[in-house]
Amino acid sequence: MKYAYWLTSMKGCTPRVRKLLFSFCANAQEVYRLSNKELEKIPGLMHKDVLRIIESKKTWDIDKKWQDLVQSGIRFVSCEQEDYPQQLLELADAPYGIFYRGRLPVPGEFRVAIAGARMCSEYGRTLAREIARELALQDAAVVSGMARGIDAAGHRGALDSGGNTYALFGCGVDICYPNYHRQLYDEIERHGGLLSEYLPGTKPLPAFFPQRNRLISILSDVVLIIEAREKSGSLITADFALEQGRDVYALPGRVTDMLSYGCNRLIAQGAGIILSVEDCLAELSMQAVRKKEIVCKSALKTGNCEIFDNLQKFSLEKDERLVYGCLGLLPTGFETLLEKTGLDIQALSQILAALMQKHHIEEVYKNHYKIITE
């Protein structure tokens, strides 16, 4: 990893330069060990790029720099490693490396981005926190940017329920921005992760935040916009989400309310509508089920899925596996299970009772079931 850290830190090492280097080398360590003559022979690599690499190797104490990073409590992962968040690889401009405190997003978990106005209304703040709280109770993680207003309310709601939450930064992960969120920063580090593609010490410049927003959306399965003005960073997040194939939902508001202009515009363009906390949770339940199906299908091919491994471990009967495979991290209704499984009412009821007796699933509220992950 120390070689990947060096490559990430090298000035002028743009995605173009890295692409050229990796067309010639398998990893950062091989890049570091290239001789000057070998560097000059790489097609497309400009002379100034070669000089930068040579100079960086001379001035960067690779072992000391790595030790300094480790001792600072900041962790680093590059796209060469297995624990690099795989969703990021969907981006054409995927970060080569991610710096983080706490932990990285858990593979296979259902994640919801909550974004909105910094100068939000009390109504928006309350609703964002309540939705996040309920999502966390159903084992969904909340992703946001730790900005004041809606972002902070989303993180706080997830923490209220002891859930996972992740904050993406438009600066170095060692900088608490805004600085009055120090307590929130510390809590997120303990109960989730603080992530950034920017080097530690990088100042929070305005140009970095739109880029940060693409990471918020790509790491999420669904994006919720809670209050947004006509020109808003939240709308940038929504645009990225739509480009990335994520579903976007927005909270409607009065047409005379400037904080609702952006949300109403998204709804007019086809975004989903958040009508209530209960309605939102029911809709996201279906999203979670669909993700579960995709994950399990992938697991059948790769054999590397915790959820599918659990199915193997449980040694369920065929019909029990059918029902269990249709359940997700958020509650799924009885009628939905009837449609998905093709079973009759009596058979489905018996299987659900058996799965609950074996402590594999639970009935969260009347006729709505979810898996038990503990």
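The following exchange between a colleague and a modeller goes through the strands, helices, aromatic rings and backbone exceptions of one predicted model.

Colleague: On what footing do the residue numbers and computed values stand?
Modeller: Residues are numbered from 1 along each chain as its sequence is written, and side-chain values use heavy atoms, with hydrogens and water left out. The model is predicted, local features need pLDDT of at least 70 and side-chain atom pairs count only at pLDDT 80 or more, while totals for chains, interfaces and linings use all residues.

Colleague: In what order do the nine strands of the open sheet stand, and which strands are at its edges?
Modeller: Strands (E, at least two residues) and helices (H or I, at least four) are DSSP runs numbered from the N terminus, and two strands pair if DSSP finds at least two bridges between them. On that basis the sheet has mixed pairing and the order β1-β2-β6-β5-β4-β3-β7-β8-β9. Each edge strand has a single partner, so one side of it is left without a neighbour in the sheet, and these strands are β1 (75-78) and β9 (272-273).

Colleague: In which sense do β2 and β6 pair, and which residue of β6 stands opposite Gly 102?
Modeller: Strand β2 covers residues 97-102 and strand β6 residues 192-196, and four bridges link them in the antiparallel sense. Opposite Gly 102, the residue in β6 is Gly 193.

Colleague: Which strands does helix α8 touch, and what angle does its direction make with that of β3?
Modeller: Contact here means heavy atoms within 4.5 Å, and axes are lines fitted to C-alpha atoms, for helices over the stretch in contact, with angles from 0 to 180 degrees between N-to-C directions. Helix α8 (residues 150-160) packs on the sheet and touches β3 (111-116), β4 (141-144), β5 (165-168) and β7 (222-226). Its direction and that of β3 make an angle of about 145°.

Colleague: Are the residues on the two faces of β4 buried or exposed?
Modeller: Buried means under 20% relative accessible area, exposed over 50%, and partly exposed in between, with a 1.4 Å probe and protein chains only. Ala 141 and Val 143 lie on one side of β4, Val 142 and Ser 144 on the other, and all of them are buried.

Colleague: What handedness have the crossovers that lead into and out of β4?
Modeller: A crossover is right-handed if, with the strands pointing away from the viewer, the path from the first strand over the helix to the second runs clockwise. β3 and β4 run parallel and are joined by three bridges, and the chain passes between them through helix α7 (residues 122-137) in a right-handed β-α-β crossover. Three bridges also join β4 to β5 in parallel, and the unit made by β4, α8 and β5 is right-handed.

Colleague: Which residues form the aromatic cluster, and what lies over the face of Trp 60?
Modeller: Rings of Phe, Tyr and Trp (its six-membered ring) pair if their centres lie within 6.5 Å, with planes under 30 degrees apart counted as stacked, over 60 as edge-to-face and the rest as tilted. One cluster consists of Tyr 5, Trp 60, Trp 66, Phe 76 and Phe 99. A charge sits over a ring if NZ of Lys or CZ of Arg is within 6 Å of the ring centre and within 35 degrees of the ring normal, and over the face of Trp 60, at 5.0 Å from the ring centre, lies Lys 65.

Colleague: Where is Cys 176, and which residues does it contact beyond its sequence neighbours?
Modeller: Cys 176 is found in the loop between β5 and α9 (182-190), where it is buried at a relative accessible area of 8%. Leaving aside neighbours within four places in sequence, its contacts are Met 146, His 181, Arg 182 and Tyr 185.

Colleague: What is the omega of the cis peptide bond, and which residues other than glycine have a positive phi of about 60°?
Modeller: Most residues other than glycine have a negative phi, and most peptide bonds are trans. The bond that joins Tyr 177 and Pro 178 is cis, with omega about -5°. Met 146, in the loop between β4 and α8, is buried at 0% relative accessible area, whereas Asn 367, in the loop between β11 and β12, is partly exposed at 33%. A positive phi of about 60° is found at Met 146 and at Asn 367.
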